[in-house]
Every structure is written in structure tokens, then in C-alpha cells.
Amino acid sequence: MLTPYDEYPVHQAPQPFSYIPSTDYSWDEGYWFAVFNPEEKVFLGIGARVNPNTDMFGGYAMINVDGIQRTVRFSRTWRSNFELDLGPLHIRFPEPMKKIALTLDDNESGIAFDLLWEGTSAAYQEDRQTVVHRGRRTTDQTRYSQAGRVHGSLSLGDRSWALDPEKWVGGRDHSWGLYVERAPLAPPAHLLPPRLAPKGKPRALRVWTCFRTGPVSGFFHIHEDADGEQGQLDDPFGAPFGGVFNVPDRDEVLHLASGSHRITYREGTRIATHAVLDLTDEEGGAWQLELTPVAMPWMPATLGYTPGSWKDGGTFHTYHGSEELATEWDEFDFREQPVAHMPYNLADPNAPDNFGLGFNFAKPIIGIEYLTRAVLRAPDGTAHEGGAHFEHYVNGAYRPYGFE
């Protein structure tokens with residue numbers, strides 16, 4: 001089947017663009033966009049993902065205002081319309097890798113926006129992530145991330161914000177390939193041989209950060225095992241360390257060589273209250289990024305990635321009753337955490353948290369996405385203030401911080 005993309009000389013296989021070199025339901029491609037302001041305590045998340053092998057295209061807009069989280073979700077079949085439109089949600093690229101137009105027209109959720117997302121740092125291509133289990137690739141993915149700024153307008157019901165690009169920060173990523181097995185379309189574990197012990201160590205700690213502080217912006221991530229080692233991990237997010245800064249008066253980006261962290265938590269929980277990230281660049285310069293959350297972390301469980309994030313129990317990848325457009329919205333109060341948050345219609349016993357976020361819905365859970373004030377201290381001693389999206393969680397034991 002031909003698509004508008006087939007008009008361009010960018011094919012990498014002898015098939016039309018709608019052909020995917022895998023029949024696995026875990027193959028997908030999509031975007032994440034973050035728009036946030038720590039002074040306003042507002043975090044807006046926008047996402048869309050295509051799953052060619054189910055012929056589904058799903059997306060969402062989520063706004064969290066000081067712990068109150070509202071999400072509107074959209075879904076339709078993909079091959080019926082190759083435009084990046086999901087009903088009232090529109091994504092356009094007037095200048096790829098630099099300028100992105102994001103629009104959500106009026107809809108029943110009360111969330112609406114007309115935004116221009118602009119990159120202030122170069123897109124950073126993360127290391128290719130591959131996981132193999134019993135000879136089958138369960139993750140084989142490419143991703144790039146980028147920091148930016150945003151201007152335009154945003155509204156939530158009778159509240160509205162005019163976005164000053166000097167104060168509103170942007171982050172984003174774009175990923176494609178075999179992501180990770182996700183119920184309810186993951187193979188039923190009870191019908192397969194027992195899972196083997198991973199060849200690499202499992203990931204215990206994750207840090208993923210897009211930030212902008214004055215003239216400096218960038219991205220980095222850190223992944224460690226239970227002993228705090230940054231080696232090769234058997235995990236969909238397993239690259240040990242990587243990142244890049246955009247610094248004024250430099251013709252090229254500044255790559256990071258290493259990073260460490262000092263994170264404090266609310267007593268008796270894994271809720272981060274403060275983080276200091278010590279980073280060394282490729283030229284030996286020492287940077288320090290200090291992050292202070294301004295609200296309780298928001299929850300990705302309402303977006304569409306995980307089983308039960310849709311009211312029918314499904315995900316991005318599943319059909320929701322309409323080939324043209326299915327839509328729904330909800331709102332939750334996450335100002336107090338841990339919080340009991342049972343997904344919708346999650347009755348399948350074979351729906352473990354394969355996504356690796358550490359959720360156990362039988363117990364109260366915490367958010368893992370932090371809106372933070374950020375202070376960056378440069379090698380020359382100067383300091384810059386701004387904001388950061390700090391994704392952080394600890395799964396299972398992590399001995400350096402005393403988690404068992």
C-alpha cells in the first residue's frame with residue numbers, strides 16, 4: 001500500500017513505507033513532547049504512536065497542574081489516514097529537528113493548545129537498545145531526545161496560559177523499532193517456557209532528563225544496576241550513560257563523558273525530593289545540575305502505554321471501537337502519594353509490568369515524572385536557572401541508597 005511518504009527518495013527497503021520489517025506487535029514508532037514551567041507548576045505532555053501491525057494510531061494530551069492530572073486520549077486506525085492527526089490533535093514539522101507545531105482544538109476534555117516547540121539543543125541519538133530472550137529480540141530500538149523552548153497558548157477549562165518562551169521549557173523524544181512487550185498483546189507468559197536469567201544485569205535505577213537553564217540546554221540519561229554500576233544492562237532502557245549540551249559560543253555540541261548522582265527521598269518512600277547530578281564533558285569540564293521538584297511527580301499510567309490506561313483495558317496498540325476516532329478523558333488527584341490507582345478493567349493475570357516502570361497496582365504507587373526547578377553550575381563557576389523534566393525511578397533493590 002502506497003502512502004504520501006513513498007513520494008520521497010528515503011526508502012531503506014524494497015517495499016512501500018507502510019511495510020514494516022517485522023510482524024511483531026511490539027514494533028511501533030512515535031513521539032513524546034513535554035511543555036512545562038516550574039513557576040506555574042504546569043506540565044503538559046503530548047504523545048502519539050503508530051503500531052503498523054495492529055493498524056492503530058493512538059495519542060494523548062496530559063496536563064498536570066500541581067498534582068491534578070487530566071488526560072485526553074485518542075485512537076483510530078492508521079492506514080486509513082497517514083496524516084499526523086488524531087481528531088483534534090495535530091502534529092506538524094515546519095522545520096524538522098528545529099520547529100514543531102502542536103495543536104489541540106477544542107474538545108470535551110477542556111484541554112486546548114496552539115504551540116510552537118523549538119529545539120534549543122541538538123537532537124541526541126541514544127545508543128541502539130537491544131534485548132534478546134531465548135533467541136528472540138524483544139527490544140531493538142532507536143531513539144533521539146532533544147531539549148527546547150515553547151511559545152503559544154494553553155488552556156484548561158476556564159484557565160489559560162500565554163507561554164513566554166524564556167520561561168516555558170520543552171523536551172521531546174522520537175523512537176521506533178521493537179520497543180518492549182506490552183500486554184495485552186504480549187505473549188502469554190504461562191504458555192511459554194520459563195524466562196531465563198538475563199545475560200546482563202537488570203536495570204535498577206533510571207534517570208532521564210531534558211532541561212533548559214538560561215543559554216544552556218541539553219539531555220542526558222543514567223542507568224545503573226542494583227549495586228550502582230553503569231554497565232551493559234538487560235533492559236529496554238539499558239544504555240548506561242549518554243548526553244549532550246548546547247553551550248553558547250560553540251559551533252558544535254558538547255558531548256558528556258560521565259555522570260553520577262546524589263538523590264534524596266521522602267523518608268520511607270522512593271519519592272525523590274532533591275537531586276544533584278555531577279556531569280563531566282568530553283573536554284574534562286565539570287558541570288553540576290541541581291533539581292528540586294515543585295510538585296508531586298505525575299503518573300504515566302494514564303497516557304496509553306500500559307494495560308488499563310484506556311477504560312476498556314487496552315493501550316495505544318489496541319482497537320477501541322472506532323476506525324475513525326475513539327476518544328475519552330479522565331482526571332485524577334495525585335497531590336498525595338503513594339496513591340491507590342487501579343487501571344481500568346485490568347483483569348488479565350498475564351498483564352505484568354513488562355514496560356519496566358515498577359508499577360505494582362496491588363499496592364499504592366508513586367509517580368516517576370518530576371517537574372523541577374533547575375540550577376546548572378558550569379565549569380567556570382557561573383550558574384544558570386531554569387527548568388527540567390526529571391524522569392526517575394528505582395525498581396527493586398538499589399543498595400547505594402539503601403533500597404532492598
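Is Glu118 buried or exposed? Glu118 is buried, with a relative accessible area of 12%. The legends below begin with the whole chain and then turn to single sites. The model is predicted.

**Figure 1. The whole protein is built with 22 strands and 0 helices.**
The chain has 404 residues, and a compact globule of that length would have a radius of gyration near 22 Å. The protein has 20 Å, which agrees. Its C-alpha trace spans about 55 × 50 × 45 Å along the principal axes. Buried residues account for 55% of the 404. Contacts between residues at least 6 apart in sequence often reach further: 62% of them join residues at least 24 apart.

**Figure 2. The surface and the charges of the protein.**
The accessible surface comes to about 17600 Å². Carbon and sulfur atoms hold 51% of that surface. The side chains include 35 positive and 55 negative ones. The centres of these two sets lie 4 Å apart. Side chains of opposite charge can pair when their charged atoms come close. In this structure there are 23 salt bridges. The next views show some of them.

**Figure 3. Arg49 and Asp28 form a salt bridge.**
The closest N and O atoms of the pair are 2.8 Å apart. Arg49 lies in strand β2 (residues 42–51) and Asp28 in strand β1 (residues 27–37), so the pair ties together parts that are 21 residues apart in sequence. Arg49 is buried, and Asp28 is buried too.

**Figure 4. Arg149 and Glu118 form a salt bridge.**
Here the closest N and O atoms are 3.4 Å apart. The pair links distant parts of the chain, 31 residues apart. Arg149 belongs to strand β11 (residues 136–156), and Glu118 to strand β8 (residues 111–119). How accessible is each partner? Arg149 is partly exposed, with a relative accessible area of 28%. Glu118, at 12%, is buried.

**Figure 5. Asp173 and Arg143 form a salt bridge.**
The closest N and O atoms are 3.7 Å apart. Asp173 sits in strand β13 (residues 169–178) and Arg143 in strand β11. These distant parts of the chain are 30 residues apart. Both Asp173 and Arg143 are buried.

**Figure 6. Asp24, Arg136 and Glu181 share a network.**
Salt bridges link these three residues.

**Figure 7. Trp78 sits in a loop and is buried.**
The loop runs between β4 (68–77) and β5 (85–86). Which residues does Trp78 touch, not counting those up to four places away in sequence? They are Ser18, Val50, Pro52, Asp55, Met56 and Phe57. The relative accessibility of Trp78 is 10%, so Trp78 counts as buried. Thr54 is 24 residues away from Trp78 along the chain, and their C-alpha atoms are separated by 8.8 Å.

**Figure 8. Pro364 lies in a loop and is exposed.**
This loop lies between β20 (326–333) and β21 (369–377). Pro364 has a relative accessible area of 52%. Beyond residues up to four places away in sequence, Pro364 touches Pro338, Val339 and Ala340. Gln337 is 27 residues from Pro364 along the chain. The C-alpha atoms of Pro364 and Gln337 are separated by 7.9 Å.

**Figure 9. Two cis peptide bonds precede prolines.**
Most residues other than glycine have a negative phi, and most peptide bonds are trans. The bond from Gln337 to Pro338 is cis, with omega near 5°. Pro338 lies in the loop between β20 and β21. A cis peptide bond also joins Ala183 and Pro184, with omega about 10°. Pro184 is found in the loop between β13 and β14 (205–213).

**Figure 10. Asp66 and Asp249 have positive phi values.**
What is the phi of Asp66? It is near 50°, a positive value in a residue other than glycine. Asp66 lies in the loop between β3 (56–65) and β4. At 35% relative accessibility, Asp66 counts as partly exposed. Asp249 is not a glycine either, and its phi is about 65°. Its loop lies between β16 (241–246) and β17 (254–265). Asp249 is exposed, with a relative accessible area of 84%.

Terms used. Residues numbered from 1 in each chain as written. Predicted model: local features only at pLDDT ≥ 70, side-chain atom pairs only at ≥ 80, totals over all residues. Heavy atoms only, no water. Helix = DSSP H or I, 4+ residues; strand = E, 2+ residues; numbered from the N terminus. Rg over C-alpha atoms; globule rule 2.2 N^0.38 Å. Buried < 20%, exposed > 50% of the residue type's maximum accessible area, 1.4 Å probe, protein only. Contact = heavy atoms within 4.5 Å. Areas by Shrake-Rupley, 256 points an atom, 1.4 Å probe, with all protein chains shown as cover. Lys, Arg positive; Asp, Glu negative; His and termini not counted. Charge placed at Lys NZ, Arg CZ, Asp CG, Glu CD. Salt bridge = Lys/Arg side-chain N within 4 Å of Asp/Glu carboxyl O.
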